Amino acid sequence: MAEIRVPELAESITEGTISTWFKQVGDRVEKGENIVELETDKVNIEVISEEAGVVTELKAAEGDTVEVGSVIAIVDANGSAAPKAEEAQTEQPQTEQPQATETVEEAVEASKAERIVATPSARKRAREQGIDLSEINAKDPRGLIRSHDVDHAAKTPAPAAPPAPAPAAKNDNPAKPVIREKMSRRRKTIANKLLEVSQNTAMLTTFNEVDMTNVMDLRKRKKDKFQEDHDGTRLGFMSFFTKAVVAALKKYPAVNAEIDGDDLVLKQFYDIGIAVSTEEGLVVPVVRDCDKKNFAEIEGSIYDLAVKARDKKLGLDDMMNGSFTITNGGVFGSLMSTPIINGTQAAILGMHSIVTRPIAIDKERMENRPMMYIALSYDHRIIDGKEAVGFLKTVKELIENPEDLLLES
């Protein structure tokens, strides 16, 4: 027998939810084969069987919450897999007709739950009177049910049926129908984390706007050659903003910090979280060492992490210990927003839609320019307003003069 246990997930995760059973009781499972998917606060994790055999027991149902280390399934290496439906139909054993004499020989009827022993005549009488043999108490010390046991059960009043469950609460206003759904573990975790951040930080947001003309022109000129030189990797805007953020973090190190008790931890690494939208909510995989990566490496990492996120293949290591986060609401059409800081980080940069607007070039001229509002939400306990404004102004200047990013890289 092999026990399938909930594995160690992460230091801060002690439980998960059964999302999907890939195997059911009676199914064959091979060593190393996935048997169940667990949904945790951060990612979905597939659990494998360490032994080949047959699943003999599932100790939790889909939707149940299970703790780390708990046994959730049993696999028997010597078990036999249940026959398929078509096999079961063609391999039914032939049964002999029972004799109509009452003897002490036991007639066995197997069931999933128990083994009932009754004489043939008792079975016949029970069928005629619509009585379930499992509900009859036999007088025979061996448990053999006889005809008189069935007759006695027929004369005994059936116990009162349990009261019917109370009907579900009716909608107070049928003209205003609603649908009530249970929140997923991921959605509840996101809600709790966002509420925790808003309650435990002195969060402020400062805004600026970026003229995207130069970076869009550069991208237009270089994107085909870039894609050709880097095995199909596309040149997007995220690599420009990531590089600009790294340069600004080096200039304003408090933005790359966090509070740990009474200590201020200034991080000397640049692991940038990139928010990705999935069906179950926003996740933030981390691109590591962005100060050491070139544009192509950053774009490739972002693409790979986004695919993993949408395929529910992110690991815990993909999402932990980021030092700063970038979120792009512009892909959904957001013109301006105040993003919420991610976890214990000190700040988050929000990107928004690129919109053509008339801009004053000087006192005499107006031009239509592609403009983007950017926002920096920050923890005022760590970052002063002067640093926040300076950080955002640095990002603006580097995006508006993208050649300078080459000097910062």
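In which strand does Phe 207 lie? In this predicted model, Phe 207 belongs to strand 11, which covers residues 203-211. The residue is partly exposed, with a relative accessible area of 35%. Together with Leu 335 and Met 336, Phe 207 forms a nonpolar patch on the surface. The accessible area of the three residues together is about 270 Å².

The interior was examined next. The largest nonpolar core has 58 residues. Phe 324, Phe 391 and Val 395 have the most contacts inside this core. Several helices and strands each supply at least two of its residues. The helices are helix 5 (213-229), helix 6 (238-251), helix 7 (295-310) and helix 8 (385-400). The strands are strand 14 (272-274), strand 18 (324-328), strand 19 (347-351) and strand 21 (366-379). Helix 6 gives the largest share, nine residues. Both domain 1 (2-76) and domain 2 (187-406) contribute residues, so the core lies between them. Another core lies apart from this one and has 16 residues. Among them are Ile 35, Leu 38, Val 66 and Ile 72.

A charged residue was also considered. Glu 39 is found in strand 4, residues 34-39. Glu 39 counts as buried because its relative accessibility is 8%, and the cut-off for buried is under 20%. Leaving aside residues up to four places away in sequence, Glu 39 touches Gly 16, Thr 17, Ser 19 and Asn 44, as well as Ser 184, Arg 185, Arg 186 and Glu 280.

How values were computed
Residues are numbered from 1 along each chain as its sequence is written. This is a predicted model: local features need pLDDT of at least 70, side-chain atom pairs count only at pLDDT 80 or more; totals for chains, interfaces and linings use all residues. Side-chain values use heavy atoms; hydrogens and water are left out. Patches are made of residues with over 30% relative accessible area and no salt bridge: like charges are joined within 9 Å, nonpolar side chains (Val, Leu, Ile, Met, Phe, Trp, Tyr) within 5 Å. Accessible areas come from the Shrake-Rupley method with a 1.4 Å probe; for residues, only the protein chains shown count as cover. A salt bridge is a side-chain nitrogen of Lys or Arg within 4 Å of a carboxyl oxygen of Asp or Glu. Helices (H or I, at least four residues) and strands (E, at least two) are DSSP runs, numbered from the N terminus. Buried means under 20% relative accessible area, exposed over 50%, partly exposed in between (1.4 Å probe, protein chains only). A nonpolar core is a set of buried Ala, Val, Leu, Ile, Met, Phe, Trp, Tyr and Cys residues joined through side-chain atoms within 4.5 Å. Domain bounds come from an automatic or database domain assignment. Contact means heavy atoms within 4.5 Å.
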